[in-house]
Amino acid sequence: MSRNVQRLRDHDTNPCLAETDASRQCMDDNNYRKDVCASYFLKYKNCRKFWHAIMIQRRRDGVKPNMPTADERENILKSIGGTPY
């Protein structure tokens, strides 16, 4: 596996890995018909938007690393009562 692929498959750097896998699985299961998988794409898009906003805010506040680790993200989601996307 290339370094870039490994980085994208790392749960610490990719907060939307589950949504990525779900949308890819939907495409595989439905013969790559995008209209059938639109809800999966929307969930992925909302996930990316949510975590991007968190990353920008952490960068502004000077918190390192910019993207929270998987454990931190789990705590953030628990504190707001589940996934907002």
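**Exercise 1. Which cysteine is joined to C26 by a disulfide, and which way does the link twist?**

Step 1. Start with the sulfurs: a disulfide here is a pair of cysteine sulfur atoms within 2.5 Å. C26 and C37 form such a link, with an S to S distance of 2.1 Å.

Step 2. Now the twist. The disulfide is left-handed, because the torsion about the S-S bond of C26 and C37 is about -95 degrees.

Step 3. Place the partners. C26 sits in helix α2 and C37 in the loop between α2 and α3, so the bond ties together parts that are 11 residues apart in sequence. Helices are DSSP runs of H or I with at least four residues, strands are runs of E with at least two, and both are numbered from the N terminus.

Step 4. Check burial, where buried means under 20% relative accessible area, exposed over 50%, and partly exposed in between (1.4 Å probe, protein chains only). C26 is buried at 7%, and C37 is buried at 0%.

A word on the ground rules before going on. The model is predicted, so local features need pLDDT of at least 70 and side-chain atom pairs count only at pLDDT 80 or more, while totals for chains, interfaces and linings use all residues. Residues are numbered from 1 along each chain as its sequence is written, and side-chain values use heavy atoms, with hydrogens and water left out.

**Exercise 2. How many disulfides does a search of the whole structure find, and what is the pairing of the bonded cysteines?**

Step 1. The search turns up two disulfides.

Step 2. Besides C26 with C37, there's C16 with C47, whose sulfur atoms are 2.0 Å apart. This pair links distant parts of the chain, 31 residues apart: C16 is in the loop between α1 and α2, and C47 is in helix α3.

Step 3. The torsion about the S-S bond is -100 degrees for C16 and C47, making that link left-handed.

Step 4. C16 is buried, with a relative accessible area of 0%, and C47 counts as buried at 0%.

Step 5. Number the bonded cysteines in sequence order and the pairing reads 1-4, 2-3.

**Exercise 3. Work out what surrounds C47, and find the largest nonpolar core.**

Step 1. Look for contacts, meaning heavy atoms within 4.5 Å. Skipping neighbours within four places in sequence, C47 touches P15, C16, E19 and Y85.

Step 2. Next, the core. A nonpolar core is a set of buried Ala, Val, Leu, Ile, Met, Phe, Trp, Tyr and Cys residues joined through side-chain atoms within 4.5 Å. The largest one has seven residues: C16, C47, W51, M55, M67, L77 and Y85. Helix α3 supplies the largest share of this core, three residues.

Step 3. For background, nonpolar side chains tend to be buried together in soluble globular proteins.

**Exercise 4. Compare the spans of helices α2 and α3 with the expected values, and say what covers their buried residues.**

Step 1. The expected span is 1.5 Å times one less than the number of residues. For α3 (residues 38–61), 24 residues should span 34 Å, and the end C-alpha atoms are 35 Å apart, which agrees. Helix α2, with 13 residues, reaches 18 Å, close to the 18 Å expected.

Step 2. In α3, the buried residues are C47, W51, M55 and R58. They pack against α2 (17–29) and α4 (70–79).

Step 3. In α2, L17, E19, T20, S23, C26 and M27 are buried, with α1 and α3 among the elements that cover them.

Step 4. Check what follows each helix. N31 comes after α2 with a positive phi near 55 degrees, and G62, just after α3, has a positive phi of about 80 degrees.

**Exercise 5. Is N14 buried or exposed, and which residues does N14 touch?**

Step 1. Find N14 in the loop between α1 (3–8) and α2.

Step 2. At 9% relative accessibility, N14 counts as buried.

Step 3. Leaving out residues up to four places away in sequence, N14 touches L8, T20, R48 and R73.

Step 4. Closer to home in sequence, a polar atom of the N14 side chain lies 3.1 Å from the backbone nitrogen of C16.

**Exercise 6. Describe the secondary structure of the whole chain and its buried share.**

Step 1. The chain comes to four helices and zero strands.

Step 2. Of the 85 residues, 24% are buried.

Terms used:
Polar contact = N/O pair within 3.5 Å; in protein donor to acceptor, adjacent residues only side chain to side chain.
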